[in-house]
Structure formats: C-alpha cells, structure tokens
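I opened the notebook to look up empty space and ligand surroundings. The structure goes in first, my entries follow.

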Amino acid sequence: MSAPKILVIDDDKNLLELAKAKLNAANYAVTVALDEHAALDVANTESFDLAIVDWRLAELDGVTLMEKLHAVDPGMPVIILTGHASVEGAVEAMKRGAYTYLTKPFDPRELILQIDRALESCKLATENQRLKGLLKEKYDFANLVAKSDKMQRVLEAVSRIAKTDSTVYIHGESGTGKEMIAKAIHLASPRKDKAFVAINCAAIPETLLESELFGHEKGAFTGAVRSTKGLFTQANDGTLFLDEVGDMPLSIQVKLLRALEERQFYPVGGEKPVQVDVRVVVATKKDLVDEVKKGLFREDLFYRIHVIPIILPPLKDRIEDIPYLVDHLLKKICQQMKRDVKGVTPKAMEKLMQHDWPGNVRELENTLEYAVTMTQRDVVTDDLVLQTKLPVGAVATENSLQAQLLPTDGAFKTLKEARSEFERAYLVRLLHSCNGKATRAAEIAGKYRADFYDLLKKHDIKLADYKRFN
Ligand SMILES: Nc1ncnc2c1ncn2[C@@H]1O[C@H](COP(=O)(O)OP(=O)(O)OP(=O)(O)O)[C@@H](O)[C@H]1O
Ligand SMILES: [Mg+2]
C-alpha cells in the first residue's frame with residue numbers, strides 16, 4: 001500500500017519543516033503549504049488522506065479553511081493545531097467537522113498517534129459504507145439463489161459492472177436466469193429508481209419491432225394514427241433489456257447499432273433525432289459467434305454489445321445450488337398457490353440432484369409446481385418429481401396425466417370423465433411408487449384405508465399388479 005498522503009498548512013516555516021521531517025520518518029507522504037491559497041490549489045488537484053491545519057492563519061482562519069477543504073473532499077479528516085489560548089475555539093472546530101486538535105508546541109509522537117487514529121476511523125467509515133452497500137445489494141439479490149462458486153462469480157461480476165454504464169451481454173441456455181440477472185444489474189445500478197424496460201426480440205414480428213423499439217410518428221405507416229414513444233425512450237435514464245437479441249432481424253440490427261453508437265435514433269417516419277441515456281443489457285441463448293459466421297448477426301453489432309459478457313452456467317454444472325433453489329422455489333410456489341408444502345423428501349432431493357435439467361431453473365420450477373399441485377401432504381415425495389419409468393402396461397406418466405387434461409381430437413372430455421381418468425392415473429402411479437403397499441399409498445393420498453380400497457375397486461385396480469419382489 002502506498003504511504004498515506006498528508007497536507008500540512010501553517011504559516012510558520014519552522015514548524016512545517018519539523019512536521020515534514022517527523023512525518024516523513026513515520027512513512028507518510030507530506031505536502032506542505034504556507035497559506036490557504038497554496039493549500040486550496042493543491043487540494044483541488046490532488047487528493048489527501050488527512051490535513052493538519054493551523055488554527056491561526058494570516059488571511060483565513062483555520063476552521064474556515066477546513067470547511068473549504070471539506071467542500072472539496074468531505075470525508076478527509078482534519079487535525080487542527082492551536083495555541084494554548086484557543087482551546088475553546090478548537091472545541092468549536094471539532095463541532096464544525098475537525099477530527100481532533102493538538103495544542104502547540106505539539107509532541108510529534110502524539111501527532112502521529114492522532115493521525116493513525118484518524119486514518120483508521122476514516123477507513124472504518126469507508127468500510128461501513130461499503131458494507132451497507134453490500135447489504136443493500138444482498139437485499140436486491142434476495143430472490144437470486146447463488147450458492148455455487150460459479151454463481152458467486154456471476155454475482156461478483158454483477159456487483160462490479162452494475163455501477164458502470166457499459167453494455168452487458170448475458171449468455172446462457174434457456175431457463176438459466178438471464179432475465180433475473182438483467183434485473184439484478186438494474187437494481188444494483190444507480191439507475192435502479194428509473195425504468196427497467198424489457199423486450200423479447202424473438203416474440204415481435206419484424207414489421208413491428210422497429211417502431212416498438214424506437215417509436216413512430218403519426219401517419220408513419222397504415223394504422224399509425226398517433227405518434228408513439230418507443231421502448232428506448234421509455235427506458236430513458238433507466239435500463240433497456242433486449243432479450244433474445246440473437247433473433248433480431250438484420251434490418252433492425254443496423255438501426256440498433258446506430259442507436260447504440262450515437263445514443264440517438266430516429267423514430268419510424270420521424271425527421272428529428274431523439275437523444276436518450278439508456279443502459280443496455282442484452283441476452284441470448286444462441287451462440288452469436290456462430291450466428292455471425294453464418295451471416296445472421298452483424299459482426300459490428302456483436303462487438304458493440306459484447307462489451308461485458310456474463311456467462312450463466314447450466315444448472316447441471318452447479319448442482320450444489322439445487323437444494324437452495326428447491327427451498328426458494330417451493331416457498332415462491334406455495335405463496336402463489338396458497339399452499340403449505342414445507343420441503344421435499346431426501347429421496348426426491350436425490351432425484352432432483354441427479355437430473356440433467358435441460359430446461360435449467362425454469363424446468364426445476366415447473367417440476368416443483370407440478371409436484372405441489374399433485375401432493376396432498378406437506379412434503380413432496382420422490383414419486384411426484386420427474387418421470388418414473390413405469391412397467392409396460394402402467395400408463396400413467398407425467399405426460400399422459402397432462403394429456404388427460406387436454407382435449408383429444410379437438411374435443412374436451414367431460415369434467416367427470418377427465419377427473420376419473422386422472423384419478424385412475426394418479427392411483428396407478430402412486431401404487432407403482434409404493435410397490436403396491438396400500439397403507440403407505442393411502443397415507444400419501446390422504447385417504448382412510450377403507451376409502452382407498454373403495455377407490456381401487458372403483459377403478460378395477462389390483463394391488464398385486466404393483467407389488468415388486470426384489
Ligand atoms: N438463481 C436463481 N435463483 C432463483 N430463481 C431463479 C434463478 N435463476 C432462475 N430463476 C427462476 O427461474 C425462472 C427462469 O429464469 P429467467 O426467466 O430469468 O431465465 P431465462 O434465462 O431468461 O430463461 P429463457 O431463456 O427461457 O428466457 C424464473 O422464474 C426465475 O425466477
Ligand atoms: Mg428470458
């Protein structure tokens with residue numbers, strides 16, 4: 001670490017020389033000034049860790065000079081040097097922002113001790129500020145589960161880049177949390193109180209995308225009965241999230257490039273350029289380098305948006321996140337569905353951790369939502385998560401359960417029929433997972449044994465078909 005920089009201001013040359021020698025010997029970098037003009041000149045061009053100011057200066061009193069120095073650097077500690085007579089005044093100086101005072105002639109050891117203390121407390125104050133900032137960030141990231149090292153590194157990057165205005169490029173498979181990260185960047189940025197505007201470039205037809213992004217003037221095209229502000233304008237001072245940017249048609253890519261380069265654009269049919277201050281975050285699941293090679297994505301735009309890349313790892317590469325995600329997502333789902341499912345059984349967790357998750361966190365969320373819908377208990381059991389391979393003849397799989405709810409040949413079944421089919425499929429699946437143990441199955445289904453047997457009878461299900469001997 002470089003030596004702390006100290007500015008000493010006194011109109012007594014001898015004192016300055018003495019102070020300089022002593023402080024240099026104690027490894028401080030010292031700058032001296034004989035009057036307030038010299039002091040303010042150097043304080044305006046350099047930054048100091050601490051200042052020592054004489055109480056009685058020729059033109060300006062020391063306290064007024066201190067206040068001027070604080071106007072340049074409010075956090076810099078100032079030590080006031082006083083003669084015996086002005087101790088009272090020195091106390092007043094402390095009220096007005098001095099760190100402490102020393103009476104002349106001072107003991108150099110005492111001065112060094114006070115400097116060390118002042119610098120230490122200043123460091124603590126900065127650290128506190130930083131911690132407060134971190135806490136706030138943590139709060140903003142409260143909904144983001146990131147236990148694994150890989151995700152921790154992503155969050156660190158998010159914290160660092162949030163403060164800048166650079167374009168961020170988020171790459172990740174579908175469902176890895178790209179939109180969540182884009183929002184986290186916005187929330188951790190100085191723009192957090194302004195708009196976060198998102199658009200999915202893949203979901204909007206080419207003919208509408210340009211006016212959606214940049215707005216249009218009245219009469220610009222058939223149907224443009226009034227002029228409309230585009231998303232760039234709506235996101236002014238805030239963040240614009242361009243999702244699936246890889247799917248943007250080439251004709252719009254060139255306009256986006258110009259808007260990013262010039263920070264201004266022309267609305268469709270407009271002649272006056274519109275200026276905006278927008279932070280752009282883009283996301284894609286496509287390999288854009290590949291798209292560039294294929295001629296489907298402009299190379300110049302790629303370099304323009306590929307300023308700060310963030311790569312979101314697929315869920316299978318960070319399975320240590322799964323238990324925390326399960327916990328977090330279950331709470332979220334239960335809140336939405338007004339259910340009270342407390343967790344998943346160890347066996348179910350094992351299954352969740354062994355799965356490949358091609359659909360990543362979104363697939364995990366859907367799997368849990370399905371399980372919460374299906375379970376009648378306050379835990380999710382392993383039979384309710386992911387597909388079990390059923391023996392030939394047993395037809396109930398997650399998909400077939402869903403198929404029963406959907407119309408076949410365009411015609412809906414009656415609710416009674418659908419309910420009955422669902423009930424049968426449910427029982428088959430349940431018995432399979434319980435190895436045909438009726439007591440256990442009845443318990444999971446939340447039925448009395450006798451009622452459960454009635455249900456089996458109604459659907460002509462035989463327990464023996466589900467008993468496995470191994
Ligand atoms: N780290 C995480 N912590 C908590 N929830 C997450 C996390 N990552 C993703 N999710 C949740 O998973 C779902 C999918 O996330 P998101 O929409 O951000 O992904 P995406 O990469 O944009 O997906 P897609 O490619 O399908 O657009 C959301 O409901 C989100 O809340
Ligand atoms: Mg998305």
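**Entry 1: cavities.** I counted the cavities of 30 Å³ or more and got 2. The model is predicted, and I keep that in mind throughout. I looked up the largest cavity next. It holds about 80 Å³ of space. I listed its lining and found 10 residues, with Met374, Asp383, Leu384, Tyr426 and Leu430 closest to the centre.

I then asked which element gives the largest share of that lining. It is helix α17 (residues 415-433), with 3 residues. By class, I noted 6 nonpolar, 2 polar and 2 charged residues in the lining of the largest cavity. I also checked the domains. Domain 3 (316-379) and domain 4 (387-470) each supply at least three residues to this lining.

**Entry 2: the second cavity.** I found a volume of about 30 Å³ for the second largest cavity. Its lining consists of Phe232, Ala259, Leu260, Arg263, Val276 and Val278. I sorted these by class: 5 are nonpolar, none is polar and 1 is charged.

**Entry 3: the largest pocket.** I moved on to open space. The largest pocket has a volume of about 540 Å³. I counted 24 lining residues, and those closest to the centre are Gly175, Gly177, Lys178, Met180 and Arg362. Three elements each give two or more residues to this lining: α7 (178-187), α13 (322-337) and α15 (360-374). I put α7 at the top, since the largest share, 5 residues, comes from there.

I split the lining of the largest pocket by class and got 8 nonpolar, 6 polar and 10 charged residues. Where does the pocket lie with respect to the domains? I found that domain 2 (149-313) and domain 3 (316-379) both contribute lining residues, so the largest pocket lies between them.

**Entry 4: ligand 1.** I looked up the residues around ligand 1. There are 18, and Val145, Gly175, Lys178, Arg362 and Glu365 come nearest. I compared this with the pocket list: Gly175, Lys178 and Arg362 are also among the residues closest to the centre of the largest pocket.

I went through polar contacts one by one. A side-chain N or O atom of Glu365 is 2.6 Å from an oxygen atom of ligand 1. For Lys332, I read 3.2 Å between a polar side-chain atom and an oxygen atom of ligand 1. Thr176 uses its backbone: an N or O atom there lies 3.3 Å from a ligand 1 oxygen atom.

Last, I checked how much of the ligand is covered. On its own, ligand 1 has 630 Å² of accessible area, and the protein covers 88% of that.

Key:
Residues are numbered from 1 along each chain as its sequence is written. Chains are lettered from A and ligands numbered from 1 in the order in which they are written. This is a predicted model: local features need pLDDT of at least 70, side-chain atom pairs count only at pLDDT 80 or more; totals for chains, interfaces and linings use all residues. Side-chain values use heavy atoms; hydrogens and water are left out. On a 1 Å grid over the protein atoms alone, a cavity is a set of points where a 1.4 Å probe fits but cannot get out, and a pocket is an open set with protein on both sides within 12 Å along at least five of seven lines; lining residues have an atom within 4 Å of a point. Grid points are joined across faces, edges and corners, and a volume is the space filled by probe spheres set on the points. Helices (H or I, at least four residues) and strands (E, at least two) are DSSP runs, numbered from the N terminus. Ala, Val, Leu, Ile, Met, Phe, Trp, Tyr, Cys and Pro count as nonpolar, Asp, Glu, Lys and Arg as charged, and the others, Gly among them, as polar. Domain bounds come from an automatic or database domain assignment. A residue is near a molecule or strand if one of its heavy atoms lies within 4 Å of it. A polar contact is a pair of N or O atoms within 3.5 Å; within protein, one must be able to donate a hydrogen and the other to accept it, and residues adjacent in sequence count only if both atoms are side-chain atoms. Accessible areas come from the Shrake-Rupley method with a 1.4 Å probe; for residues, only the protein chains shown count as cover.
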